[in-house]
Amino acid sequence: MKLIWKVKCIGRGFLEVKEFGVPDTVKSISWSGENICVGVRKDYMILNATNGALSEVFSSGKIAPPLVVPLPSGELILGKIRSLRVPYPLIQTIVFHDACHLIKSNNAIVVASNNSVYGLFPVPLGAQIVQLTASGEFEEALTLCKLLPPKDADLRAARERLIHTRYAHYLFENGCYEEAMEHFLASQVDITYVLSLYPSIVLPKTTTIPKPEKLMDLSPDDSSGLSDDLETLLPQPSESDENAAFEFKKMSHNTLMALIKYLQKKGYNIVEKAAAEGMEEVVLDAIGDNFTSARSKKSNKRHGNVPISSAARDMAAILDTALLQALLLTGQPSAALELLKGLNYCDVKICEELLQNGNHYAALLELYKSNSMHRESLKLLHQLVEESKRNQSHAGEFGPEAIIEYLKPLCGTDPMFVLEFSLFVLENRPTQTIELFLSGNIPADMVNAYLKQHAPNMQGRYLELMLAMNENRISANLQNEMVQISLTEVLEWYSELSAQQMWDEKAYSPTRKKLLSALESISGYNPEALLEHLPPDALFEERAILFGKMNQHELALSLYVHKLHVPELALAYCDRVYDSAVPRLPVKSSGNLYLTLLRIYLNPWKTTKYFENSIMNLASSPNTSTQKVSSVASLKSKVGRKKIASIEGAEDISIGPSNTDTTIEESSEEGGSTIMFDQVLDLLSRRWDRINGAYALKILPRETKLQNLLPFLGPLVKKSSEAYRNSSVIKSLRQTENLQ
């Protein structure tokens, strides 16, 4: 069969004729826009009048003939069909038995069968949406919402949100949790509404976020009773026995996993709003500070203190708190830790209890840190470190190094707080803690003052390490204080042994070794002040070093020789002074101190007596630091101005500010003394090149055998001869040059 398409133009007849083929006799036909609906056999077909495309719709049934009736709106009423709108997104089916006639009246469609007549009345879309939702046909209801007129866009959006919410409830109760959360997202309900389905998730109390409201109709002018019908679809509370299984299902792993995905999708916008709100508050606070400083005389109010709504932050707190709980309940502590490491608004009280009960200490530390609860965080770290020492738990994760790393960012903002919590690590990791203070630019005076008040036992250790790591960072006052601390410890040790009559001058405890090293290496302390604290009959080595710092070399050497009885220490002392003087003085003029040691060996009685008198003077005089100790060999007038045979390098020049006199007294005038002859010869043989040979020969006893002086005179004479010969050669060359 052929259908003929004719287009008539007024006054000119038909301008276009088209023929379309159909498979059989057309029993009913009707126009719908550019399409033609035809009933062929028992089927309905849509024929596109533009391109001739023919598509089947469905069958009219085995018995009923195809019936087509057009509606004024452009829709078609088909037998077995309720409504059809191009492009046919929704088909509603009404079954009639033996329907043989389909007739359109003014406001209804009449359907007649062999023994019955039916009237089909149009129902508003709003009512249809309600009916479909009530019957659980949520997808069809959502599709019908899209058919609402464009002018009702707000109404359509409101209804779609309501249907999405009902559909989400339906899916949730039937175990389709992820699909349910997708519809909750589409419904745009507050997260508190969704979280109300999880009674075991504890939420923070807020004043800006209202409780979840019941779903309500957003179009009060709708006469279809949408609100009343949908209200019956809300989940009604059930008895505890009946609801037990359902509550367990809600809290099952799958439900929580679906909730996590939902919260993560909602989280970005909510947290972003909260961060923007916080930034706005900071800006307003800064503006308020400037405004107040500029107009402080006119007003005492600060603009920055104007309260800002915290609704966004409260909502973010609810979201992050719920998300953290869901992650922990599903066994994802690492994800919970990552959440806390980033920007988050977790409620401290709720999350703290949850993390403590689950022993999630790393996450708990991040919770404290993100909320600037540094005191609580460091107390927990200290507890974990102590616990790891006892049972080796968390040994690899929580150690003193963790405390140091935590304190690093706080050095610049709160140095006193860092000092408070660094005492433990200063004892366990002293070097790293000192590096922490140095890298954080915490002044050494501040650290020392804090330790002196709160941890005096660590003060000396700190100063010692500071000096070893960076001497320039230690002031003279701190150096002096460090030496005094070490001296105090040594004096206490000395007092204990003296009380037990067990003191030995050659005993060296670690503290005494540390004191001796400090006295030798540090130059910023006050030796006169320290001398006043030393006992007169002990600690001679310390006293010798202090005398050396005061340039009282004779007293220092006397102590080494006559009190300590260690000539090697005396020789080493001379070598140190000589080596330090060489850069400043000529080599030939810097060996005077060796002559002083030589005189001490030759006159032991006199130098001992002189030392004892000097100690008495230092102990009795309050102005010890201003007194000068006279030389043992102060008899310059007895020698006169007698010329002595010159040996190369025999000039008499004193060293520094020492009061040692280089004038020599003949040893024959000192009766009753025991000469330390072996030490004299040893000194001469080992340091012949640093000693004024002429003076040394002058003060030696007359009975000294020349054979014993060969180790001294041999190299000395050889050197002098070489010098004389070289001088003669140079003199001859100069004369030859002058003659030429």
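1. Helix α3 passes helix α4 in a left-handed crossing. The model is a predicted one, and this note starts from that helix pair before turning to the core and the chain as a whole.

2. The two helices cover residues 153-173 (α3) and residues 177-187 (α4). Their axes come within 8 Å and cross at roughly 165°. An angle over 145 degrees counts as roughly antiparallel, and α3 and α4 are therefore roughly antiparallel to each other.

3. On the α3 side, the contact is made by R161, H164, T165, Y167, A168, H169, L171 and F172. Facing them in α4 are Y177, E179, A180, M181, H183, F184, A186 and S187. Sorted by type, the residues of this contact are nine nonpolar, five polar and two charged.

4. One residue of that contact, F184 in α4, turns up again in the largest nonpolar core, where it is among the residues with the most contacts. The others listed with F184 are L259, Y462, V483, L598 and L684. This core has 160 residues. Helix α9, residues 311-329, gives the most to it, with twelve residues.

5. There is also a second, separate core. It consists of eleven residues, including Y44, V68, L76 and V111.

6. Y462 merits a closer look, as one of the residues with the most contacts inside the largest core. With neighbours within four places in sequence left aside, Y462 is in contact with L426, I434, F437, A444, V447, N448 and L451.

7. I434, one of those partners of Y462, lies in helix α17, which spans residues 430-439. Is I434 buried or exposed? Its relative accessibility is 0%, so I434 counts as buried.

8. I434 and Y462 are 28 residues apart along the chain, and their C-alpha atoms are separated by 7.3 Å. Beyond neighbours within four places in sequence, the contacts of I434 are L426, Y462, L465, M466 and M469. L426 appears in this list and also among the contacts of Y462.

9. For the protein overall, the secondary structure comes to 31 helices and eleven strands. The protein has 740 residues, of which 43% count as buried. Among contacts with a separation of 6 or more, 57% are accounted for by residues 24 or more positions apart. The pair I434 and Y462, at 28 residues apart and in contact, is an example from the points above.

Terms used. Residues are numbered from 1 along each chain as its sequence is written. This is a predicted model: local features need pLDDT of at least 70, side-chain atom pairs count only at pLDDT 80 or more; totals for chains, interfaces and linings use all residues. Side-chain values use heavy atoms; hydrogens and water are left out. Axes are lines fitted to C-alpha atoms, for helices over the stretch in contact, and angles run from 0 to 180 degrees between N-to-C directions. Helices (H or I, at least four residues) and strands (E, at least two) are DSSP runs, numbered from the N terminus. Angles under 35 degrees count as roughly parallel, over 145 as roughly antiparallel, 65 to 115 as roughly perpendicular and the rest as oblique. A crossing is left-handed if the near helix is turned anticlockwise from the far one by less than a right angle, and right-handed if clockwise. Contact means heavy atoms within 4.5 Å. Ala, Val, Leu, Ile, Met, Phe, Trp, Tyr, Cys and Pro count as nonpolar, Asp, Glu, Lys and Arg as charged, and the others, Gly among them, as polar. A nonpolar core is a set of buried Ala, Val, Leu, Ile, Met, Phe, Trp, Tyr and Cys residues joined through side-chain atoms within 4.5 Å. Buried means under 20% relative accessible area, exposed over 50%, partly exposed in between (1.4 Å probe, protein chains only).
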